[in-house]
Amino acid sequence: MIIPKRLSEQDKVAIIAPSNLVPENFRQHYLDAMKFLKDIELIPIFEPAEIFEKDAKFRDKQSRVQNLAKRFTELFTNPEIKAVFFALGGEGAKDIPPLLDYDKIKSNKKIIMGFSDHTYILGAVTGKTGLVSFYGSDMVFGYGKNINDGVKEDFKKKLMSNEVTSESFTNEEIVNPGKARGILLGGNMLRVKELLLNLGIKIDRGTILFIESLSEDENEILDFFGWLGEFDTNKKIKGLVIGHLNKIDETNNTKEFILKIKQLKLFKRIPIIKFSKVGHCKDFRILPIGIRVIFDTSKLKITFEGQYLE
């Protein structure tokens, strides 16, 4: 495991858009996120032509993907940049991992955070280098449109200190009780499946997996968890955190859904908890990916073993 350095005031943090570019109707949300970063004494660095749809430098997909991969590596090797954040989710990040220079990334450890479609990049970087990455949100929705005091405080605690030792699950539902130890991995449901099947990322050494979903309906989510149980033939998944499931949680069908998933094979052998503050939600929390944790449903928490930031 390779741990990056925590952020300090006056650090420069870079923003790129590996998925969708920011459309005009989201521009102000993005600028609000930049204000948040400045308010906590960070210095955001970005090129408008690489962020905004209206100002886009590259119009064809191939040129844009190649530029993004090159830009990502440049930012990691730039000693003045201390973190890389992502502007907006959507689609497109899948094409970037095969083009990244993982040796240079590994040699220049720094914070990288995103969510949703960025699961591809976060999972690939952590899986191929051992560098701890962070699953939180993007700039537009997480730190622009939906910013609140809880999100602000979580950002400062998780990325600007090394004193956080656990994540508590307040008022959440235990799906299956138990205790387990493993490496914390995960992300968006369909992106995790793609990482495991087609992008060469493996579950090994025992894994505590977290999963969240934006657009999948109940049947699609049930199918995924059924597939996951069949995929994990060597029983390397030791625990499961079910994050925000947008089409379930936003319609108040969570309890009924949990009754259904309890019948699945995977859900009968490992500790599982529902934690709705991971993923596409307003009051989300950042999770470090690639660290060893103790997952204990009786204590309603995940305890981080050792520091995940220098």
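## Close-up views of a predicted model

**View 1. Helix 9 against helix 11.** The axes of helix 9 and helix 11 (residues 254-261) come within 11 Å and cross at roughly 35°. The crossing of helix 9 over helix 11 is right-handed. Helix 9 contributes Glu218, Ile221 and Leu222 to the contact, and helix 11 contributes Phe257, Lys260 and Ile261. By class, four of these residues are nonpolar, two are charged and none is polar. The structure shown is a predicted model.

**View 2. Asp232, in the loop after helix 9.** Helix 9 spans 218-231, and Asp232 sits in the loop between this helix and strand 10 (237-245). Is Asp232 buried or exposed? Asp232 has a relative accessible area of 7% and is buried, because that value is under the 20% cut-off. Apart from neighbours within four places in sequence, Asp232 is in contact with Ile237 and Arg269.

**View 3. The six-stranded sheet.** The sheet is open, has mixed pairing and follows the strand order 2-1-3-4-5-12. Which strands stand at the edges? They are strand 2 (43-45) and strand 12 (287-289). Each has a single partner strand, so one side of each is left without a neighbour in the sheet. From one strand to the next, the twist averages 30°.

**View 4. Strand 3 beside strand 4.** Strand 3 (residues 81-86) and strand 4 (residues 111-114) run parallel and are joined by three bridges. Phe85 stands opposite Met113 of strand 4. Helix 1 (residues 27-39) packs on the sheet, where it touches strand 1 (12-16), strand 2 and strand 3. The direction of helix 1 makes about 165° with that of strand 1.

**View 5. Helix 3 across the sheet.** Helix 3 (residues 61-77) lies across strand 1, strand 3 and strand 4. Helix 3 runs at about 150° to strand 3. How many residues does helix 3 have, and what distance does it reach from its first C-alpha to its last? Helix 3 has 17 residues and reaches 25 Å, close to the 24 Å expected at 1.5 Å a residue.

**View 6. The buried residues of helix 3.** Arg64, Val65, Asn67, Leu68, Ala69, Arg71, Phe72, Thr73, Leu75 and Phe76 are the buried residues of helix 3. What do they pack against? Their strand partners are strand 1, strand 3 and strand 4. Their helix partners are helix 2 (48-51), helix 4 (102-107) and helix 5 (119-129).

How values were computed. Residues are numbered from 1 along each chain as its sequence is written. This is a predicted model: local features need pLDDT of at least 70, side-chain atom pairs count only at pLDDT 80 or more; totals for chains, interfaces and linings use all residues. Side-chain values use heavy atoms; hydrogens and water are left out. Helices (H or I, at least four residues) and strands (E, at least two) are DSSP runs, numbered from the N terminus. Buried means under 20% relative accessible area, exposed over 50%, partly exposed in between (1.4 Å probe, protein chains only). Contact means heavy atoms within 4.5 Å. Axes are lines fitted to C-alpha atoms, for helices over the stretch in contact, and angles run from 0 to 180 degrees between N-to-C directions. A crossing is left-handed if the near helix is turned anticlockwise from the far one by less than a right angle, and right-handed if clockwise. Ala, Val, Leu, Ile, Met, Phe, Trp, Tyr, Cys and Pro count as nonpolar, Asp, Glu, Lys and Arg as charged, and the others, Gly among them, as polar. Two strands pair if DSSP finds at least two bridges between them. The expected span of a helix is 1.5 Å times one less than its number of residues.
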